[in-house]
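Trainee: I'd like a close look at one part here. What surrounds the ligand? Please take it slowly and show me how the neighbouring parts of the chain fit in.

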Amino acid sequence: DMGGWVGGQTEYVMVPYADFNLLKFPDADQAMEKIKDLTLLSDIFPTGFHGCVTAGVGPGSTVYIAGAGPVGLAAAVSAQLLGAACVIVGDMIEERLAQARSFGCETIDLTQDGDMADKIEVILGEREVDAFVDCVGFEAHACGCNHGKEAPATVLNSAMSLTRAGGQIGIPGLYVTEDPGAADEAAQQGSLSMRFGLGWAKSHSLHTGQCPVMKYHRPLMQAILFGKVNIADAVNVQMITLDEAPKGYA
Ligand SMILES: NC(=O)c1ccc[n+]([C@@H]2O[C@H](COP(=O)([O-])OP(=O)(O)OC[C@H]3O[C@@H](n4cnc5c(N)ncnc54)[C@H](O)[C@@H]3O)[C@@H](O)[C@H]2O)c1
């Protein structure tokens, strides 16, 4: 549903509306010194940042980031850049959680059983967070003893229960209009079973959709060039050749 543009993971790409949507770096040599960081301006850094902005993250916020993939880690760094007091990242993959801890996040291992609010209370002394960012989307898995099983609505339902009343939920994680391979008929049509009434009762605000990258890429470029953020280290960027891409995906 993204307009039919083909992917960009090739040696050359055709850039639609290039006169409008490319970002010019001020100085080529300076840019090449930080190219690993600047590369992330094309997608995951603005996406993670947008998730935090739409979740209302600001100075002193407590934040839960669901998912420690590239987007989740970029969101965690973004929350720190926006002044969050405490950033908690949840995932089932220990290596990814270790990566989040490497730059100062608290983590929750979702392979372990137990109530999420209890786990948040151990870290914060409170059972809810100010801001919740879903960096997982419809490919979410169940937590605890069922981990590994598909559970497309699980992160959205956690958002309702773990975000404080009046809090905001940013949803950069992808949800689809159709998912033919889903386990049940409703999910095959993109319908998920959510406890929306809880969100209503708590007056939550939700924001989802594709990231408007150009809203953020220039200021985030400046944050990189002026040394305010080390996004490449945080998400563990490694340069590989195109030939090595299949290995990279594996
Ligand atoms: N809105 C946008 O413009 C935009 C841009 C880029 C990516 N995305 C979307 O963002 C999402 C994340 O992208 P990514 O590249 O980091 O994906 P990824 O698959 O690498 O990471 C997702 C992580 O979520 C974890 N996970 C699974 N179930 C979970 C649960 N219940 N709770 C917490 N963590 C759970 C997985 O173990 C995995 O580490 C995807 O849905 C992607 O399509 C959106």
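Mentor: Start with the ligand, which has 25 residues around it, each with a heavy atom within 4 Å of it. The closest are D91, R96, H141, L174 and C211. Keep in mind that this is a predicted model, where local features need pLDDT of at least 70 and side-chain atom pairs pLDDT 80 or more, while totals for chains, interfaces and linings use all residues. Residues are numbered from 1 along each chain as its sequence is written, and side-chain values use heavy atoms, without hydrogens or water.

Now look for polar contacts (N or O pairs within 3.5 Å). D91 offers one through its side chain: an N or O atom there sits 2.6 Å from an oxygen atom of the ligand. The backbone joins in as well, with a polar atom of P70 at 3.2 Å from a ligand oxygen and a backbone N or O atom of V136 at 3.1 Å from one. On its own the ligand has 870 Å² of accessible area, and the protein covers 79% of that (Shrake-Rupley, 1.4 Å probe). Which elements give two or more residues to this shell? They are α5 (70–81), β2 (86–91) and α8 (154–162), where helices are DSSP runs of H or I with at least four residues, strands are E runs of at least two, and numbering starts at the N terminus.

Let's follow β2, since D91 belongs to it. Six of its six residues are buried, so β2 is largely enclosed by the rest of the structure; buried means under 20% relative accessible area, exposed over 50%, and partly exposed in between. C86, I88 and G90 point one way, while V87, V89 and D91 point the other way. That's the pattern to expect, because side chains in a regular strand alternate between the two faces of the sheet.

β2 has a parallel partner in strand β1 (residues 62–66), with five bridges between them (strands pair if DSSP finds at least two bridges). Find A66 in β1, and you'll see that its bridge partner in β2 is G90. To get from β1 to β2 the chain passes through α5, making a right-handed β-α-β crossover: with the strands pointing away from you, the path over the helix runs clockwise.

β2 also runs parallel to strand β3 (residues 106–109), joined by four bridges. G90 turns up again here, with I108 as its bridge partner in β3. Next along β2, D91 stands opposite D109. Helix α6 (residues 94–101) carries the chain from β2 over to β3, in another crossover that is right-handed.

Next, pick up α8, which also lines the ligand. Together with β4 and β5, α8 makes a right-handed β-α-β unit. Strands β4 (residues 129–134) and β5 (residues 163–171) are parallel and share four bridges; V133, for instance, stands opposite G170 in β5. G170 has a bridge partner in β6 too, namely H207, and β5 pairs with β6 (residues 205–208) in the parallel sense over four bridges. While you're in β5, check T163: at 0% relative accessibility, T163 is buried.

Then move to helix α4 (residues 44–54). 10 of its 11 residues are buried, so α4 is largely enclosed by the rest of the structure. Among the buried ones are F45, F49 and H50. After α4 comes G56, with a positive phi near 75°. In the loop between α3 (35–38) and α4 you'll find L40, which is buried at 11% relative accessible area. The C-alpha atoms of L40 and A232 are separated by 7.6 Å, although the two residues are 192 apart along the chain.

Finally, most residues other than glycine have a negative phi. Here are two that go the other way. Y17, in the segment before α1 (18–21), has a positive phi of about 55°, and at 60% relative accessibility Y17 counts as exposed. N236 has a phi near 60° and lies in the loop between α12 (231–235) and α13 (245–249). With a relative accessible area of 41%, N236 is partly exposed.

How values were computed
A polar contact is a pair of N or O atoms within 3.5 Å; within protein, one must be able to donate a hydrogen and the other to accept it, and residues adjacent in sequence count only if both atoms are side-chain atoms. Buried means under 20% relative accessible area, exposed over 50%, partly exposed in between (1.4 Å probe, protein chains only).
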